[in-house]
Every structure is written in C-alpha cells, then in structure tokens.
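Let's practise reading a protein structure together, one small exercise at a time. Keep the sequence and the 3D view open while you work.

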Amino acid sequence: MMLPLLAITFTSCEDALETKNFTEMSPNNFFKSEGDIDAAVTGLYVPLTTTWGYSDGGTGRWYPSLFCADGSTYRSAGHYGTDEITTYSVNAFDEFTVGAANGTLAAAYNAIRFVARATDVINQIGLSSGGTEEVRARYIAEVKTLRAYYMYLLFDWFGPLNVKLDAATLMDNTITPRPTHEEYVGYMLDDLNAAVNESSFPVKYNDDNSNWGRMSKSVAWSILVKIYMHEYEWSKAKEAAEKVMGMGYTLVANYEDLFNHDRQPEHIFSVPANTASDNYYVAEVLPNDFKKGYNHLGSSYIRGSEDNYKAGWQAYGMRWEFYDTFEDNDARKATILCSYTTNAGTTKDRNTGMRLAIPLKYTDTQFNDFGCQKSMPVIRYAEILLSYAESVNEISGPTSEAIAAVKQVTDRAGVSIPQSATNDKDSFRSFLLAERGRELFGEGVRREDLIRHGEFIKRAVARGAKAQDYMVLYPIPQSVITEAGGIIKQNAGYPE
C-alpha cells in the first residue's frame with residue numbers, strides 16, 4: 001500500500017490461539033503523538049498487500065498476503081471452484097478437497113490475530129493523549145472498519161470465530177467457544193455502524209495518494225453492503241448501497257483504465273502496489289509459453305525485446321464456457337485473451353491447445369518485473385451499483401431504479417440488458433448473477449456471489465466436482481481444533 005508498511009513487533013508465541021502480550025506498546029511508551037498512533041494503525045494493514053507475504057513477529061512465521069495473486073491466498077480462493085476461473089494443475093480449493101491441515105487455511109486464519117491487535121490499538125488510542133480528540137476518533141473509526149473487514153474475510157471462509165474484541169481479555173489465553181452466527185454478525189455491524197457515524201472519518205482517499213489504501217467511510221458502508229447481502233437483509237443492503245452512491249463515485253468511461261491506473265473515481269477500496277509490494281496477477285494468468293511476457297537477465301528482471309520476453313507462470317485461467325457468456329462487442333471481453341503468440345512463433349487458441357482463456361485484466365503488461373505497481377481493486381463502484389440493483393430486485397422486483405443502476409454498468413461495456421431479463425424477479429436475479437461475473441471476473445468475488453445465490457455447490461456438481469453442501473465454508477485449521485481441545489468446534493461436515 002502507499003502507506004509505509006510498518007511491521008509492529010509482537011511478543012513471539014507458537015500456539016495458534018495464544019493471544020497474550022500482543023504488543024510491547026503501552027500509553028507510557030508509545031502513542032504520545034499522532035505519528036505514534038499512525039504508525040500503530042499502519043502496522044495493522046500488513047496482511048493487506050499484493051506481494052507474496054509477510055513475517056508475523058507474533059508467531060515468528062511467514063504467511064501469504066491475503067490479496068497476493070498467488071494461488072494460495074484468500075483472494076485467489078475467491079474464484080477457485082467457480083464457473084469463472086480454474087487452475088492449470090491440481091488445487092485443493094479448485095477440486096473441493098480442502099482439508100483442515102491445508103496451509104492456506106492457517107494463513108487466512110492468522111487474520112484473527114489482527115482482529116485482536118486492532119482491539120489493542122483501539123484501546124490504546126482511547127487511553128492516549130496523542131493528537132486531538134478528533135484525530136483519535138478518526139483513527140478509531142479507521143481501525144474499527146479494518147477490524148470489521150478482517151472479521152468479514154474470516155467469516156466468509158470459516159463462519160463465526162472466537163475473535164478478541166474486549167481489550168480486558170487480551171492478556172487472557174483462556175480459549176472460548178465460537179460465538180453464534182447472529183452474535184458474530186452483530187460484532188461486525190457494531191464496528192461499522194460506529195465508523196460510519198464518526199464525523200471525522202474521511203469519506204474516501206481517491207485524491208490523496210499518501211493515504212491511498214486506508215479504510216474510509218465509503219469502505220465501511222461498502223462492507224455493510226456485503227454483510228447485509230450475505231445475510232439477505234435486502235432493505236438494509238439497499239440503504240447502505242444508497243449511502244455509497246451518494247459519495248461522489250462514478251464509473252470510469254474506459255473499463256481498461258480501472259486496472260491500468262490507480263485512484264480512479266470508481267475505486268472504493270484497493271490494495272495498493274508499489275516497488276516494495278508488486279502485484280503479480282498478470283504473471284499468474286499468462287501461459288508459460290507466452291511470447292509477450294518478461295525477460296529474465298541474471299539476478300534482476302528487466303524489460304527486453306519481444307523475442308526474449310519471459311512467459312508467465314500459468315497458474316489459472318478463465319473457463320471457455322464462462323468466456324462465451326460475453327457478447328462479442330462487450331468492452332470487457334477485450335481484456336481477456338482468446339489467442340496468443342508463443343515463444344516458438346506459433347499462434348494458440350482454443351482449437352489449437354489453449355486450455356483456458358487469459359483473464360488479463362491489466363492490459364498494460366509492459367513492466368520491469370514479474371509484477372507491476374498497479375493496485376488490486378477490491379471494491380468498485382460498479383459492484384455497488386449491481387448490489388443496489390440486486391437488493392431492490394429482491395424487495396420489489398426489477399424496478400426502473402434497479403434497471404437504471406445496472407444500465408450504467410452495461411452501457412459502459414457497450415452491451416444492453418435483454419428485455420427478457422427484466423420480465424420478473426427470477427429473470428433479473430439470474431441476469432444480475434451473470435452480469436456480476438462478467439463485470440467482476442478475476443477480482444475474487446465470484447465464490448461469495450455464487451454462494452449467496454445458492455449456485456456455488458450446484459454448479460460445481462454439474463461440472464463433475466465432488467462438492468458437498470457444507471463446503472460453502474472451509475474447515476477450521478486442524479492446529480486450532482487440536483489446541484482448543486474440543487472447545488472450538490469444527491465446521492459441520494469436516495472431521496473433528
């Protein structure tokens with residue numbers, strides 16, 4: 001992110017659930033100024049980078065970043081196992097064979113530590129005299145939004161977890177049971193509602209490069225949209241979406257600009273990339289015999305002539321069946337490659353050995369490394385418009401307001417909404433799910449969309465995958481279950 005990445009030092013502990021001595025900071029030796037508060041808050045963003053990963057001083061271990069484009073991250077699992085993206089090789093998430101011992105689960109689960117650390121920082125800001133009261137309130141709103149976001153990511157994968165939200169319990173390593181679904185959702189809503197009601201909390205940072213990548217009021221409202229949709233609270237989702245729609249965001253005229261240029265007026269929340277944190281998405285999707293790739297010379301990566309470009313890593317690509325859902329004149333289709341020139345000078349397409357389409361997304365692929373310094377969009381205004389339309393449709397059917405919101409997205413793509421899609425609620429619902437896929441492909445949201453529509457397992461089974469209904473959640477890491485000694489229950493369907 002554009003914020004300086006500060007790795008806060010935490011007391012080392014080996015156990016997956018140990019939470020004692022989160023930080024070595026206290027009001028007596030830290031948080032004496034606004035700069036101290038900012039440094040502590042910045043450290044909470046460590047898992048939200050596009051680079052490979054981070055070293056957690058609290059565990060002494062290394063974890064993949066949640067939004068790295070590698071195949072073993074939270075973001076990538078957001079489209080594995082869906083009708084949109086699949087891998088070139090065996091992948092447990094893609095094959096519905098994820099077991100409790102899978103290392104990716106432990107990496108994602110580590111976000112629970114950052115929930116607790118956020119609790120600690122919120123408490124210490126409240127005890128601090130650093131900065132003005134308004135400044136402290138702004139930072140608390142930011143941290144509560146970030147804490148709720150980590151909780152949502154955990155919730156999406158594992159369901160409710162026994163997060164630490166009371167600073168008085170941070171030094172107590174007593175293992176507590178998982179809360180109920182309703183309790184956990186209430187925790188997230190409490191944080192986000194507090195944040196959106198804080199007058200000092202900035203609406204957005206699109207015009208502020210130095211703070212680009214921070215939580216903001218518009219991000220908090222957008223997370224509320226996601227939670228309410230997850231819970232089928234359509235009226236509340238609609239109201240939250242309307243709040244974001246009144247915050248000055250607009251669609252970018254050219255779809256490709258969304259990914260080739262940062263801080264566009266459509267970006268609500270993105271994970272920034274810079275020279276210290278490359279975005280490796282393009283290298284992950286390019287085939288390994290792709291001619292226009294990256295040139296490796298010695299120990300450094302530099303741009304070379306086209307004939308010497310090094311190919312990508314061919315980790316995953318788009319299913320041809322999904323590619324075929326795009327109309328030929330759809331502007332978004334131009335960011336997906338259906339053929340390419342190989343290093344041998346031949347052309348490959350779906351009829352001559354090209355296994356998957358290439359969801360390139362970032363069409364400006366000429367950078368000096370395997371990665372690029374282009375932010376990874378996480379929440380865009382187009383998603384909010386589509387979410388608004390879905391919420392309205394669930395309340396009242398395909399109203400003129402819902403159709404108008406979607407039309408902004410389809411007009412930008414150069415396509416129209418079929419008349420048949422607006423005949424009734426069911427037809428519009430199906431169209432919206434398909435349209436979300438076309439608009440947001442490769443952005444890691446397809447899994448949650450399909451789950452919300454009851455289609456994730458159903459479509460996987462239709463493809464021949466051995467998917468079961470309970471697999472809409474992943475198992476709690478085995479190390480957690482073992483250490484808890486029966487106090488923390490495994491998700492239904494998985495072995496205890």
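Helices (H or I, at least four residues) and strands (E, at least two) are DSSP runs, numbered from the N terminus. This is a predicted model, in which local features need pLDDT of at least 70 and side-chain atom pairs count only at pLDDT 80 or more, while totals for chains, interfaces and linings use all residues. Residues are numbered from 1 along each chain as its sequence is written, and side-chain values use heavy atoms, with hydrogens and water left out.

**Exercise 1. Describe the protein chain as a whole.**

Step 1: Start with the elements. The protein chain has 18 helices and 10 strands.

Step 2: Turn to burial. Buried means under 20% relative accessible area, exposed over 50%, and partly exposed in between (1.4 Å probe, protein chains only). Of the 496 residues of the chain, 58% count as buried.

Step 3: Look at contacts, meaning heavy atoms within 4.5 Å. Among contacts between residues at least 6 apart in sequence, 70% join residues at least 24 apart.

**Exercise 2. Find Phe96 and Lys361, and say what their backbones share.**

Step 1: Recall the general rule. Most residues other than glycine have a negative phi.

Step 2: Locate Phe96. Phe96 sits in the loop between helix 3 (92–95) and helix 4 (103–109). Its phi is positive, about 60°, although Phe96 is not a glycine. With a relative accessibility of 9%, Phe96 counts as buried.

Step 3: Locate Lys361. Lys361 lies in the loop between strand 9 (347–349) and strand 10 (376–380). Lys361 is not a glycine, yet has a positive phi of about 65°. Its relative accessibility is 2%, so Lys361 counts as buried.

**Exercise 3. Which residues touch the most other members of the largest nonpolar core?**

Step 1: Define the term. A nonpolar core is a set of buried Ala, Val, Leu, Ile, Met, Phe, Trp, Tyr and Cys residues joined through side-chain atoms within 4.5 Å.

Step 2: Name the residues. The largest core holds 128 residues, and Leu48, Phe67 and Phe158 touch the most other members. Helix 6 (residues 133–158) gives the most to this core, with 15 residues.

Step 3: Look around Phe158. Leaving out residues up to four places away in sequence, the residues touched by Phe158 include Leu105, Tyr109, Arg178, Tyr474 and Asn491.

Step 4: Follow the chain to Tyr474. Tyr474 is in the loop between helix 17 (456–462) and helix 18 (478–484). At 5% relative accessibility, Tyr474 counts as buried. Beyond four places in sequence, its contacts include Ala77, Phe93, Trp157, Phe158 and Asn491. Tyr474 and Asn491 are 17 residues apart in sequence, with 7.5 Å between their C-alpha atoms.

**Exercise 4. How does helix 1 pack against helix 5 and against helix 6?**

Step 1: Set up the description. Axes are lines fitted to C-alpha atoms, for helices over the stretch in contact, and angles run from 0 to 180 degrees between N-to-C directions. Angles under 35 degrees count as roughly parallel, over 145 as roughly antiparallel, 65 to 115 as roughly perpendicular and the rest as oblique.

Step 2: Take helix 5. The axes of helix 1 (residues 34–43) and helix 5 (residues 111–127) come within 10 Å and cross at roughly 170°. The two helices are therefore roughly antiparallel. Ile37, Ala40, Val41 and Gly43 of helix 1 meet Phe114, Val121 and Ile125 of helix 5.

Step 3: Sort that contact by class. Ala, Val, Leu, Ile, Met, Phe, Trp, Tyr, Cys and Pro count as nonpolar, Asp, Glu, Lys and Arg as charged, and the others, Gly among them, as polar. The contact of helix 1 with helix 5 has six nonpolar residues, one polar and no charged.

Step 4: Take helix 6. Helix 1 and helix 6 pack at an angle of about 0°, with axes 11 Å apart. They are therefore roughly parallel. Glu34, Ile37, Asp38 and Val41 of helix 1 make this contact with Val135, Arg136, Arg138, Tyr139, Glu142 and Val143 of helix 6. By class, there are five nonpolar, no polar and five charged residues in the contact of helix 1 with helix 6.
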